[in-house]
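Me: I am new to this structure and would like to learn how to read its features one at a time. Could you take me through them slowly, giving the idea before the case?

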Amino acid sequence: MTRAVRPRPDPVISVVMPVYNGAALLPATLDSLAAQSFTDFEVIVVDDCSTDATRACVAGWSDPRVRLVAMPVNGGPVLARNAGVAAARGRYIAALDADDLCRPDRFARQVAYLEANPATVLLGTAADLLIDGDIRPSDHAAITTPMLIDWLTGIENPLIWSSVMIRADAARRLDPFMRPERLYAEDFDLYQRIRRFGAIARLDEPLMVYRVHAGGVSKRFTERMETVAAAILAERHADLFGEQVDRIAALIVAHILARRPVPDLAALTALGSALGAIQAEFLARHRCSGADRRLIRWETARRWRGVGRAGLRAGTLGVADLLAARPAHLGLGYAGLPALLWSGAIGGVRRAIRQPARAP
């Protein structure tokens with residue numbers, strides 16, 4: 001008499017990890033998963049036709065929770081992630097790139113939050129940065145609410161993809177999960193699409209470590225990333241700005257998301273007006289608590305301060321320009337006048353250096 005084999009129960013979490021030529025960093029990432037205090041998960045490593053030892057690394061890994069999905073042809077990270085999601089069996093899908101690291105309580109904290117907050121469809125965490133061997137804090141918002149995160153998705157990408165956990169049923173409502181035409185800003189695009197199904201939130205404890213290095217996609221394809229991000233924002237704000245939406249989306253991406261200095265007073269004025277319009281529409285459409293409103297205004301002002309300081313330090317703006325263009329809802333961006341004057345002095349020196357010397 002043969003004994004029936006009981007099928008393994010589906011795991012709570014499916015970790016989806018696309019990888020291409022990641023053998024050098026992949027073991028440290030897998031080790032960080034093995035150290036998780038929450039252990040009911042599977043790891044789906046989707047190899048995108050690597051030419052290094054990636055497949056051998058995964059095949060020889062001793063943890064049975066780690067399995068390999070091999071792409072038939074190299075198709076890029078979006079198609080690899082979509083294949084991983086299609087193979088996932090978990091109730092939640094955890095994003096993780098092959099060069100990033102999870103802290104031990106990441107999964108436990110995220111599962112607990114999602115179980116307690118059924119209206120939340122996507123949950124990120126704060127993150128630290130690993131740069132040249134040093135751990136540094138990121139400059140994302142220190143304190144968040146779901147409403148603040150939703151507001152920030154209208155002007156920037158507020159979450160690091162490797163920190164994200166998604167309800168699998170919500171993920172499968174996206175067809176496709178990630179859109180290949182949004183490559184290099186595919187996570188930002190996904191946030192816009194999935195917010196229709198429920199709340200997006202973030203745990204404010206840095207439960208993962210994002211590795212910053214020259215080989216990262218965000219470093220190598222900056223121009224394409226900005227073009228795609230501008231198209232995403234134009235799609236979101238089309239009803240608000242009409243025919244001007246492409247110009248406004250490009251301004252936001254260049255000077256809020258990419259943090260390049262504005263070239264002149266006209267660009268600064270247009271950017272301030274756009275931020276004011278987006279904020280006013282958001283607050284009118286959503287039921288925001290007093291805390292939500294304070295955080296939204298604070299974080300918007302913080303970004304405006306960054307825009308002003310960048311222009312002053314680059315010498316493309318003067319303090320008088322910043323004072324003349326400041327929107328009523330932002331003031332000076334919560335930057336004191338002495339700090340602005342100091343940035344303006346730096347910019348004055350840089351302008352003088354750029355100007356050719358006059359003949360006597």
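**Reading the helices and their surroundings**

Reply: Let us begin with burial along a helix: in helix α3, which spans residues 77-87, the buried residues are V78, A80, R81, N82, G84 and V85. Please keep in mind throughout that this is a predicted model.

Me: What covers the buried residues of α3?

Reply: Once a residue is known to be buried, the next step is to look for the elements that lie over it. For α3, the cover includes the strands β1 (13-19), β2 (41-47) and β4 (92-95), together with the helix α7 (186-194).

Me: At what angle do α11 and α12 pack, and how far apart are their axes?

Reply: A helix pair is read from the angle between the two axes and from the distance separating them. Here α11 and α12 pack at about 100°, with axes 10 Å apart, and an angle between 65 and 115 degrees counts as roughly perpendicular, so α11 and α12 are roughly perpendicular to each other. On the α11 side the contact is made by R247, I248, L251, I252, H255 and I256, and on the α12 side by A267, A270, L271, A274, L275 and I278. Sorted by class, the residues of this contact are 10 nonpolar, one polar and one charged.

Me: H255 is in that list, so is H255 buried or exposed?

Reply: The share of a residue's surface that remains accessible decides this, with buried meaning under 20%. H255, which is found in helix α11 (residues 245-257), has a relative accessibility of 10% and therefore counts as buried. Its side chain reaches the backbone oxygen of R260 at 2.7 Å. Leaving aside residues up to four places away in sequence, H255 touches R260, P261, V262, P263, L271 and V307.

Me: How do α12 and α13 pack?

Reply: The same two quantities are read again: α12 and α13 pack at an angle of about 170°, and their axes are 12 Å apart. Because an angle over 145 degrees counts as roughly antiparallel, α12 is roughly antiparallel to α13. The contact brings together L268, L271, G272, L275, Q279, F282 and L283 of α12 with R293, I296, R297, T300, W304 and V307 of α13. By class, the residues in this contact divide into eight nonpolar, three polar and two charged.

Me: Where does S289 lie, and what does its side chain reach?

Reply: A loop residue can be placed by naming the elements on either side of it, and S289 lies in the loop between α12 (265-285) and α13 (290-314). With a relative accessibility of 35%, S289 counts as partly exposed, and its side chain reaches the backbone nitrogen of D292 at 3.1 Å. Residues distant in sequence may also be compared in space: S289 and M147 are 142 residues apart along the chain, and their C-alpha atoms are separated by 8.9 Å.

Me: What does T145 touch, not counting residues up to four places away in sequence?

Reply: T145, which is found in the loop between β7 (134-137) and α5 (146-152), touches D292 and L295 under that condition. At 18% relative accessibility, T145 counts as buried.

Me: How many disulfides are found in the whole structure?

Reply: A disulfide is a covalent bond between the sulfur atoms of two cysteines. A search of the whole structure finds zero disulfides. As for individual cysteines, C49 counts as partly exposed at 22% relative accessibility, whereas C57 is buried, with a relative accessible area of 17%.

Terms used:
Residues are numbered from 1 along each chain as its sequence is written. This is a predicted model: local features need pLDDT of at least 70, side-chain atom pairs count only at pLDDT 80 or more; totals for chains, interfaces and linings use all residues. Side-chain values use heavy atoms; hydrogens and water are left out. Helices (H or I, at least four residues) and strands (E, at least two) are DSSP runs, numbered from the N terminus. Buried means under 20% relative accessible area, exposed over 50%, partly exposed in between (1.4 Å probe, protein chains only). A polar contact is a pair of N or O atoms within 3.5 Å; within protein, one must be able to donate a hydrogen and the other to accept it, and residues adjacent in sequence count only if both atoms are side-chain atoms. Axes are lines fitted to C-alpha atoms, for helices over the stretch in contact, and angles run from 0 to 180 degrees between N-to-C directions. Angles under 35 degrees count as roughly parallel, over 145 as roughly antiparallel, 65 to 115 as roughly perpendicular and the rest as oblique. Contact means heavy atoms within 4.5 Å. Ala, Val, Leu, Ile, Met, Phe, Trp, Tyr, Cys and Pro count as nonpolar, Asp, Glu, Lys and Arg as charged, and the others, Gly among them, as polar. A disulfide is a pair of cysteine sulfur atoms within 2.5 Å.
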